[in-house]
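Reader: I would like a close look at one part of this model, the charged pairs that hold its helices to one another. Please take them in order, then set them against the rest of the structure.

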Protein chains: 2
Amino acid sequence: MDREVAQGRVLDAAEELFYSRGIQTVGMDDIRGLSGVSLKRLYQLFGTKDQLVDAYLERRDLRWRQRLADHVEACGDPEGRIIAVFDWLGQWFNEPGFRGCAWINSYGELGTTSTTIATQARRHKQAFRRYLEKLTTDAHLPHDLAEHLLLLAEGAMVTAGIFGTPGTAAQARAAAGLLLESAKQARPPLPAR
Amino acid sequence: MDREVAQGRVLDAAEELFYSRGIQTVGMDDIRGLSGVSLKRLYQLFGTKDQLVDAYLERRDLRWRQRLADHVEACGDPEGRIIAVFDWLGQWFNEPGFRGCAWINSYGELGTTSTTIATQARRHKQAFRRYLEKLTTDAHLPHDLAEHLLLLAEGAMVTAGIFGTPGTAAQARAAAGLLLESAKQARPPLPAR
DNA sequence: CCTTCGAGAGAACCATCGTTCTCCTCCAAT
DNA sequence: ATTGGAGGAGAACGATGGTTCTCTCGAAGG
């Protein structure tokens, strides 16, 4: 089997297992079993479990943000893009196997023990925050709104994850709409300037 | 040592260790070391690690909600009480050793593995939600507002925990204020009825 | 055909951990 | 004073898991 193919299979298995069951609960042997890649090769490819976790979170971060951006950019107007973030969250929450945010979960599990995971979680959340800031900037709205939207989104991920209620995204979307209106009134659109 | 004293010391040690380092990372031996209660007695008092975790979360839930309620009830008017929730969050975030929400963290770690923890997390979050609903009802505001506030609060806990920025509570408070205004405009106070 | 090297299966190794057991001590009741 | 039982210190046990090692096989190159 090709080196890259093996890496992909390992990462696929790691993602499925780590995301659904947590990190400490999953053994390297489980990943070997699901991926079909031998332990020897697995260690050859990733070094240690810690590095494998790192690679898993890294790849998931890229894909997660890409999927979000793909959905959001499909929306034409700046304000619509902001709301689209919450629509996408709703889609995500509805996917089978949704179990909350991988970074929040990992951070809760090992944030104080593993600097690898703490760093990945902060980087991911920071990137998400910057993306929201970009969206609000594009809509000529203040950064405070971005921070408020971040809190709503994080709260929705947590709540939908714990209760298994994908509809939480709609609530977050509604709240986001209200905050957006609020922000628009405080700083009206360009024609008013 | 008295039975109740021993139980208290064990729970104190369990809380300090489980909250700061996570559950799987902490061994029963660590709890013995910090509490000064022998392993034998420890198992006599709590049966299994799982039951100890349960007792820890149970006690923390009671105390957490009590502290919140104590702070909130000190505020006279209904709308002020709603905002007071976020002030209290700010105080909590500023306490030394703050590491996010114990239930969110525990759920992220073992929510899919331990039904004990999943149940505790859902119960705690449900109780918090009901409390917010009570506060909004008292202020003659709709339940939707309570749900929005819940999302803000959860988001604030997560964000403050991951980034270590207690100021997040102020952002949540500001957003809560905006949503409160929004809700008041949608359903004005009694005189208008 | 032979050699060599990479890879797989799985045992082995070592540490950790939940839980129990042993042995010893101490104190209270007789 | 004796005894009995509770409790402490810590070893022991069995399971698990991260990591490495051994043995074997098969394929590629001479």
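Author: A:Glu58 is partly exposed in this predicted model, because its relative accessibility is 29%. Its salt-bridge partner is A:Arg123, with the closest N and O atoms 3.0 Å apart. A:Arg123 is partly exposed too, at a relative accessible area of 44%. The two residues belong to distant parts of the chain: A:Glu58 sits in helix H4 of chain A and A:Arg123 in helix H7 (residues 115–138) of chain A, 65 residues apart.

Helix H4 also takes part in salt bridges with helix H1. The side chains of A:Glu15 and A:Arg59 meet in one of them, at 3.2 Å from N to O. Because A:Glu15 is in helix H1 (residues 3–21) of chain A and A:Arg59 in helix H4 (residues 49–73) of chain A, this pair ties together parts that are 44 residues apart in sequence. A:Glu15 forms a salt bridge with A:Arg60 as well, and here the closest N and O atoms are 2.9 Å apart. That pair again runs from helix H1 to helix H4 of chain A, so it ties together parts that are 45 residues apart in sequence.

Are these residues buried or exposed? A:Glu15 counts as buried, at 15% relative accessibility. A:Arg59 is buried, with a relative accessible area of 15%, and A:Arg60 is buried at 10%. The cut-off for buried is under 20% relative accessible area, so A:Glu58 at 29% does not meet it. A:Glu15, A:Arg59 and A:Arg60 are linked with A:Asp12 in a network of salt bridges. Over all chains, the structure holds 28 salt bridges.

The nonpolar side chains come next. The largest nonpolar core has 138 residues, and A:Leu52 is among those with the most contacts inside it, as are A:Ile31 and A:Trp92. Leaving out residues up to four places away in sequence, A:Leu52 touches A:Val10, A:Leu11, A:Ala14, A:Phe18, A:Met28, A:Ile31, A:Leu42 and A:Phe46. From chain B, the residues with the most contacts inside the core include B:Ile31, B:Leu52 and B:Trp92.

Between the chains, the rule finds zero salt bridges across the interface of chain B and chain A. Eight residue pairs are in polar contact there. In this interface, 40 residues of chain B are in contact with 40 residues of chain A. The area buried between the two chains is about 3400 Å², with 65% of it from carbon and sulfur atoms. On the chain B side, B:Leu151, B:Ile162 and B:Phe163 lose the most area to chain A, together 20% of what that side buries. The elements of chain B that give two or more residues to this side include helix H1 (3–21), helix H7 (115–138) and helix H8 (143–163). The largest share, 14 residues, comes from H8(B).

The cysteines remain. A search of the whole structure finds zero disulfides over all chains. The closest cysteine sulfur to that of B:Cys101 is in A:Cys101, 15 Å away, which is too far for a bond. B:Cys101 counts as buried, at 2% relative accessibility, whereas B:Cys75 is partly exposed, with a relative accessible area of 24%.

Terms used. Residues are numbered from 1 along each chain as its sequence is written. Chains are lettered from A and ligands numbered from 1 in the order in which they are written. This is a predicted model: local features need pLDDT of at least 70, side-chain atom pairs count only at pLDDT 80 or more; totals for chains, interfaces and linings use all residues. Side-chain values use heavy atoms; hydrogens and water are left out. A disulfide is a pair of cysteine sulfur atoms within 2.5 Å. Buried means under 20% relative accessible area, exposed over 50%, partly exposed in between (1.4 Å probe, protein chains only). A nonpolar core is a set of buried Ala, Val, Leu, Ile, Met, Phe, Trp, Tyr and Cys residues joined through side-chain atoms within 4.5 Å. Contact means heavy atoms within 4.5 Å. Buried area is the accessible area (1.4 Å probe) that two parts lose on being put together, summed over both. A salt bridge is a side-chain nitrogen of Lys or Arg within 4 Å of a carboxyl oxygen of Asp or Glu. A polar contact is a pair of N or O atoms within 3.5 Å; within protein, one must be able to donate a hydrogen and the other to accept it, and residues adjacent in sequence count only if both atoms are side-chain atoms. Helices (H or I, at least four residues) and strands (E, at least two) are DSSP runs, numbered from the N terminus.
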